[in-house]
Amino acid sequence: MSGRRGSPGAGKSPRRAAGGSPEGRIPDGDIPDGRGRTAEERTAQGRPADGGHAGRPDQAGRAGRASRTSRAKPKAKRSTKEKVLWATAGCTALLVLGGCAVYYRLNSNLTTFDGDALSKDRPAAAAPDAQGRSPVNVLLIGSDSRGNGNSDLGGGGDGGARSDTAILLHVYADHKHAVGISIPRDSLVTIPACKLPNGKWTKEQTNVMFNSAFSVGDTDQGNPACTQNAVEKLTNLRVDHTIVVDFNGFASMTKAVGGVEVCLPNDIHEGDLNPNLGKKGKLVFPKGKQKVEGQSALDFVRVRHGIGDGSDIGRTKRQQAFLSSLIKEVKSRGMDPTTLLPLADAATKSLTVDPDLGSAAKLLSFAMSLKDVNLHDVKFVTAPWRYEGPRVALLHPDSDQLWAALKADRTLDGQDASATAADSAAPGTPAAEATPSPTATTPVPDAKSGEAKPADVKVAVLNGTGATGLGGKAAEAVKGAGYTVTSVGNAAGKPRATTVVEYGAGERAAADAVAKLFPGATVQAGGKGVSVVLGHDFAAANPAGAADPAASASPGAPAAPAPVPSSVANAARSADDDPCANVSYG
């Protein structure tokens, strides 16, 4: 593991030794002056420690001459304009210096882990979509360590670090949707070879608890790289960034935002936080809504007993609710540096990140990239699971379908986030509009109504499903309605979920008419002429089309993943949900 950037302790408050004085602190009387002399030495030379004029008889004469000189040459008064300019320059300098100070402090706070400890056999990075945007996978780890003062906040009593919380956050290519997948700590998984602090590598382990990956090496810093290796092995998704937050960092963040609103279905007492207490104890959290921060926030996300079914899965759901409220609080304050800098300053003191995220600029840039994500489009779910004795087994094929959906950049409801109507529309144009779903025999506009005849409307058909043969089938339907098909091909980018009819300038009426051939299609501005981009809704309605040899998908085009099980999608929690919704947590 690499140490903190900058000098040791940079950006930290000095530790206090016995007696209350910071370690290594020079007594007040021994503070050296600009020439390296202490107060005692200056006094011995006839000059008091406070920098006065004793022992310097000529000082008063110099002061008198300076006074006469100043009277002889009065200073010209500065104009109001000059004063404003000087004041502005001074303020600007202070802002720049202040910004640099904060930036330096953030850089000094950050700790990075060894990038060479990542597996050499990793999933490929996600390819960019047609607009050049790429999804981002971020692994969030909550560390339970006794180091860095965490034992005072309830950190582990034993040596080393553990991870009871792990969430894989998938930020979709459009950067307007995100989903966090909680991986139960007791899940039985395969942990690939991991690097130890001494440089050696472990052997692959099978059927072991997921959270044991973080403990490989038995250090207070934990092993984030090993956990990242395990997640990539489990999901076949490349993890772009990993962020570890310990108890101190978590508590500081909740204070920086002024507390987080939570809700409880019943009172929680000391005995619920510590079952070994042997008694009910004092009331810690009253029933209902309340704000928590610092230690109380930690207690809220860690309590497991006295609420719901008392399981770790229930606690996971409560943590998802807490994160939803935290995101809501940050978004309400504005996703800008004014809000993010204090939050980053609080968090980075106890933050460990991957080398590619190891600077204040990169960290803030990533945070700012999420400013357009709507609260309702931030979802949290738990990876599909079942009990296996005292442990948890991930369900198959349910969990496999979830990972495949993320790899294809599909939202939980099956939408293709890299090809949504709103994102594909030309700049300044409205989002896609829903089109009625009449039958294909709906009359087509003609010249009598001032619109183009069907034969005058030229239509390009693009297969956006990844399946073979559908383009030809759709083209035949378009021709059968009297339109002119100019080309049949394959759409660029990832498979689409729904069919879209795009139109250029002056082509809206024609596009509306063509869309009536495709029930459920949407219409949107974009490109030239009229284009039909087929989605999986068309494939579902035309299963025989896959055998149609009229057209074929491009070689190597990925097949559409199976939909996410409804049991998973329906259990998702949105960041804008009421904090009192589903408060039993299990």
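# Burial, disulfides and a cavity in a predicted model

Visitor: In this predicted model, is Ser359 buried or exposed?

Guide: The relative accessible area of Ser359 is 13%. A residue counts as buried under 20%, so Ser359 is buried.

Visitor: Where does Ser359 lie, and which residues does Ser359 contact beyond its neighbours within four places in sequence?

Guide: Ser359 belongs to the loop between strand E12 (351-353) and helix H10 (360-368). Once neighbours within four places in sequence are set aside, the residues in contact with Ser359 are Asn107 and Leu110.

Visitor: How many disulfides does the whole structure hold, and what pattern do they follow?

Guide: A search of the whole structure finds two disulfides. One is formed by Cys194 and Cys226, and another joins Cys263 to Cys580. With bonded cysteines counted along the chain, the pattern is 1-2, 3-4.

Visitor: How many residues apart in sequence are the parts tied together by Cys194 and Cys226?

Guide: The sulfur atoms of Cys194 and Cys226 are 2.1 Å apart, and the link is right-handed, with 80° about the S-S bond. Cys194 lies in the loop between strand E5 (188-191) and strand E6 (205-209), whereas Cys226 lies in helix H4 (residues 224-235). The pair therefore ties together parts whose separation in sequence is 32 residues.

Visitor: What separation in sequence does the pair Cys263 and Cys580 bridge?

Guide: Cys263 and Cys580 form a disulfide with an S to S distance of 2.0 Å. Cys263 is in strand E8 (residues 260-264), and Cys580 is in the segment after strand E22 (573-574), so the parts tied together are apart in sequence by 317 residues.

Visitor: What is the handedness of the disulfide of Cys263 and Cys580?

Guide: The torsion about the S-S bond of Cys263 and Cys580 is about 90°. The disulfide is therefore right-handed.

Visitor: Which of the bonded cysteines are buried, and which is partly exposed?

Guide: Cys194 and Cys226 are both buried. Cys263 has 3% relative accessibility and so counts as buried. The relative accessible area of 30% places Cys580 between the cut-offs of 20% and 50%, so the partly exposed cysteine is Cys580.

Visitor: Which element gives the most to the lining of the second largest cavity?

Guide: The structure holds four cavities of 30 Å³ or more, and the second largest has about 40 Å³ of space. Its lining includes Asp164, Arg185 and Gln319, and divides into four nonpolar, four polar and two charged residues. Strand E3 (161-171) and helix H8 (312-333) each supply at least two of the lining residues. With four residues, the element that gives the most is E3.

Visitor: Which elements do the buried residues of helix H13 pack against?

Guide: Helix H13 spans residues 470-480, and its buried residues are Leu470, Gly471, Gly472, Ala474, Ala475 and Val478. Just after H13, Gly482 takes a positive phi of about 100°. The partners of the buried residues of H13 are strand E17 (458-463), strand E18 (484-490), strand E21 (530-534) and helix H15 (536-541).

Visitor: For the protein as a whole, what percentage of residues counts as buried?

Guide: The protein has 16 helices and 22 strands, and its accessible surface comes to about 29,100 Å², with 54% belonging to carbon and sulfur atoms. Among contacts with a separation of 6 or more, 69% come from residues 24 or more positions apart. Of the 586 residues, the share that counts as buried is 42%.

Definitions and conventions: Residues numbered from 1 in each chain as written. Predicted model: local features only at pLDDT ≥ 70, side-chain atom pairs only at ≥ 80, totals over all residues. Heavy atoms only, no water. 1 Å grid on protein atoms, 1.4 Å probe; cavity = no way out; pocket = protein on both sides within 12 Å on 5 of 7 lines; lining within 4 Å. Points joined across faces, edges and corners; volume = space filled by probe spheres on them. Nonpolar A, V, L, I, M, F, W, Y, C, P; charged D, E, K, R; others polar. Buried < 20%, exposed > 50% of the residue type's maximum accessible area, 1.4 Å probe, protein only. Contact = heavy atoms within 4.5 Å. Disulfide = S-S within 2.5 Å. Areas by Shrake-Rupley, 256 points an atom, 1.4 Å probe, with all protein chains shown as cover.
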